[in-house]
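Student: Could you take me through one part of this model up close? I'd like to look at the surface charge, and then whatever else you think goes with it.

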Amino acid sequence: ELWAKLQFLSDPLCRRCGTPFDIAVDETQICGACLANPPVYDRARAALVYGDVSRDLVLGLKYQGRRDSLALLGGWMTNAGAGLLADADLIVPVPLHYLRLVRRGFNQSIWLAAAISRSSRVALSVDALKRIKSTPIQGGLSADGRRRNVQGAFRVRKGCERRIRGQKILLVDDVLTTGATAEACSRALKRAGASCVDVLTLARVAASRAIPI
């Protein structure tokens with residue numbers, strides 16, 4: 001059965017970025033990449049390793065609008081991010097640019113964020129963060145290319161600053177790859193006064209973050 005082939009993430013993980021460690025470590029352990037180049041966000045967690053089976057789940061949600069497993073996926077994310085949700089004041093999904101939203105007709109990150117909000121009872125704001133640049137799809141870009149692609153692409157929507165200022169934000173997306181989108185969103189949220197930005201995704205690439213040379 002396909003579900004049995006899913007790789008769920010669990011400790012040991014890097015306390016900051018959530019990268020899985022191969023061997024058991026102290027629960028406060030931070031990976032070398034986070035020590036050398038700490039991410040803009042405070043912590044990141046994911047429910048699944050991004051692999052063949054989880055990719056089909058993500059792509060079905062992202063491009064085919066399949067919502068039949070949303071409650072289940074949201075439950076997995078709620079479990080994986082329990083520590084983050086315990087501290088969160090507000091859940092904010094990663095936004096799509098309005099042109100892409102019109103073409104696609106939905107934002108799968110909003111669906112996931114709403115499912116997590118329902119199960120955790122943490123407040124949700126679907127429009128606090130705005131994508132102000134229409135950027136090419138990240139797939140196929142290098143880590144540096146991804147960072148350049150989303151640089152300055154997000155900002156907190158005018159009138160929503162009061163909801164963000166001083167709050168602990170949980171940013172929700174479908175996949176964490178290099179972390180470029182999560183960092184660009186976190187930068188915008190912190191610029192608007194968020195006291196903390198944690199990231200929760202359905203899946204993540206298991207490889208370590210790159211250490212800059």
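Tutor: Lys 130, Arg 155, Arg 157 and Lys 158 come together on the surface as a patch of positive charge. Keep in mind that this is a predicted model. Take Lys 158 from that group: you'll find it in the loop that runs between β4 (154–156) and α8 (161–164). Its relative accessibility is 70%, and since anything over 50% is called exposed, Lys 158 counts as exposed.

The surface has a nonpolar patch too, made up of Tyr 98, Leu 99 and Val 102. Together those three side chains' residues offer about 340 Å² of accessible area. Val 102 sits in helix α5, which covers residues 98–104. With a relative accessibility of 65%, Val 102 counts as exposed.

Now for a helix with plenty of buried residues. Helix α9 spans residues 180–191, so 12 residues in all, and 9 of those 12 are buried, which means the helix is largely enclosed by the rest of the structure. The buried set starts with Ala 180, Thr 181, Ala 182, Glu 183 and Ala 184, and goes on through Cys 185, Ser 186, Ala 188 and Leu 189. As for its geometry, α9 reaches 16 Å from its first C-alpha to its last, close to the 16 Å expected at 1.5 Å a residue. Just past the end of α9, have a look at Gly 193, where phi is positive, at about 105°.

How values were computed:
Residues are numbered from 1 along each chain as its sequence is written. This is a predicted model: local features need pLDDT of at least 70, side-chain atom pairs count only at pLDDT 80 or more; totals for chains, interfaces and linings use all residues. Side-chain values use heavy atoms; hydrogens and water are left out. Patches are made of residues with over 30% relative accessible area and no salt bridge: like charges are joined within 9 Å, nonpolar side chains (Val, Leu, Ile, Met, Phe, Trp, Tyr) within 5 Å. Accessible areas come from the Shrake-Rupley method with a 1.4 Å probe; for residues, only the protein chains shown count as cover. A salt bridge is a side-chain nitrogen of Lys or Arg within 4 Å of a carboxyl oxygen of Asp or Glu. Helices (H or I, at least four residues) and strands (E, at least two) are DSSP runs, numbered from the N terminus. Buried means under 20% relative accessible area, exposed over 50%, partly exposed in between (1.4 Å probe, protein chains only). Lys and Arg count as positive and Asp and Glu as negative; His and the chain ends are not counted. The place of a charge is taken as NZ of Lys, CZ of Arg, CG of Asp or CD of Glu. The expected span of a helix is 1.5 Å times one less than its number of residues.
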